[in-house]
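Hi,

Here is the structure I said I would pass on to you. Have a look at it first, and then read my notes underneath.

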Amino acid sequence: MRARVRIVHGVALLATGLLAGAFGYGAANLVPTFDAVPQDMRYDFHTELMKINGITVQGAMVVSTLGSLALAVLTRGGTRLAAAAASLLTFASFLITRFGNVPINGRIKQWAVSGPEPETAALLSRWELFNDARTLCGISAFVVLVVLALRGRTSGLPDGRAHT
């Protein structure tokens, strides 16, 4: 059981770290760059970036959510609660992305072809707000899993033992 919990924790930690890193990089580097370049360049770049992100980021969200959920199932007590919280946070990042960012990404794709609409600035602001929210969720989930790892053990194994 101990080895299985460690492997699951490692998978959840890796996937959530990649997710948090992708979101953090986007918030710290891509968004300011989007704001610094001409709008038509932003729309073209944003559209191309979303083609790749749609695969990689969603994959990281799925593995992060399921890995943390599996860790919650395999443990008890505070570890179970923390792992469940990490799973909920990564699932929230998925929901924010799917229902917040993705519809706006579709509009941005249209603007790359037809030009911006009058409400462009407001929609781009909303996209950035959603991006900040999902970034906060992803980084928070990663922090929770790192804290569990730094504790040096994942307590609350079903057989009552802790492991190091």
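Below is what turned up, going from the overall fold to the helices, the pocket and the salt bridges.

One thing to keep in mind from the start: this is a predicted model.

**The overall picture**

The chain has four helices and zero strands, so if you go along from the N terminus, the order of elements is simply α-α-α-α. Put a box around the C-alpha atoms, along the principal axes, and you get roughly 60 × 25 × 20 Å. There are 164 residues in the chain, and 38% of them count as buried.

**Two of the helices**

Start with α1, which has 35 residues. From first C-alpha to last, α1 reaches 50 Å, close to the 51 Å expected at 1.5 Å a residue. There is a bend in α1, though, of about 40° at G26.

Next is α2, with 36 residues and a reach of 48 Å between its first and last C-alpha. That is close to the 52 Å expected for α2. Look for a bend here too: α2 turns by about 40° at N53. Remember N53, as this residue comes back in the next part.

**The pocket**

The largest pocket has a volume of about 420 Å³. Lining this pocket are 26 residues, and those closest to its centre are M50, N53, G54, N105 and R134. So N53 is both the site of the bend in α2 and one of the residues closest to the pocket centre. Two or more lining residues come from each of α1, α2, α3 and α4, and the largest share, nine residues, is from α2. As for the chemistry of the lining, it divides into 13 nonpolar, 10 polar and three charged residues.

**The salt bridges**

The count comes to five salt bridges. Here are some that you can find by eye.

- K51 and E48 meet through their side chains at 3.0 Å, N to O. Both sit in helix α2 (residues 39-74), three residues apart, which puts about one helical turn between them. In an α-helix there are 3.6 residues a turn, so residues three or four places apart point the same way. K51 is partly exposed, with 48% relative accessible area, and E48 is partly exposed as well, at 44%.
- R107 and E119 also form a salt bridge, at 2.5 Å from N to O. This pair links distant parts of the chain, 12 residues apart: R107 belongs to helix α3 (residues 77-114), while E119 lies in the loop between α3 and α4 (120-150). Each of the two is partly exposed, R107 with a relative accessible area of 27% and E119 with 33%.
- R42 and D35 are joined by a salt bridge of 3.4 Å, N to O. How buried or exposed is each partner? R42 is buried, with a relative accessible area of just 2%, whereas D35 is partly exposed at 49%. The cut-off for exposed is over 50%, so D35 stays in the partly exposed class.

The R42 and D35 pair does not stand alone: salt bridges that share partners join D35, R42 and E128 into one network.

If you open the model, the bend at N53 in α2 makes a handy place to begin, with the pocket centre to look at next.

Cheers

Note on methods. Residues numbered from 1 in each chain as written. Predicted model: local features only at pLDDT ≥ 70, side-chain atom pairs only at ≥ 80, totals over all residues. Heavy atoms only, no water. Salt bridge = Lys/Arg side-chain N within 4 Å of Asp/Glu carboxyl O. Buried < 20%, exposed > 50% of the residue type's maximum accessible area, 1.4 Å probe, protein only. 1 Å grid on protein atoms, 1.4 Å probe; cavity = no way out; pocket = protein on both sides within 12 Å on 5 of 7 lines; lining within 4 Å. Points joined across faces, edges and corners; volume = space filled by probe spheres on them. Nonpolar A, V, L, I, M, F, W, Y, C, P; charged D, E, K, R; others polar. Expected span 1.5 Å × (residues − 1). Bend = angle between axes of the 7 residues up to and from the residue.
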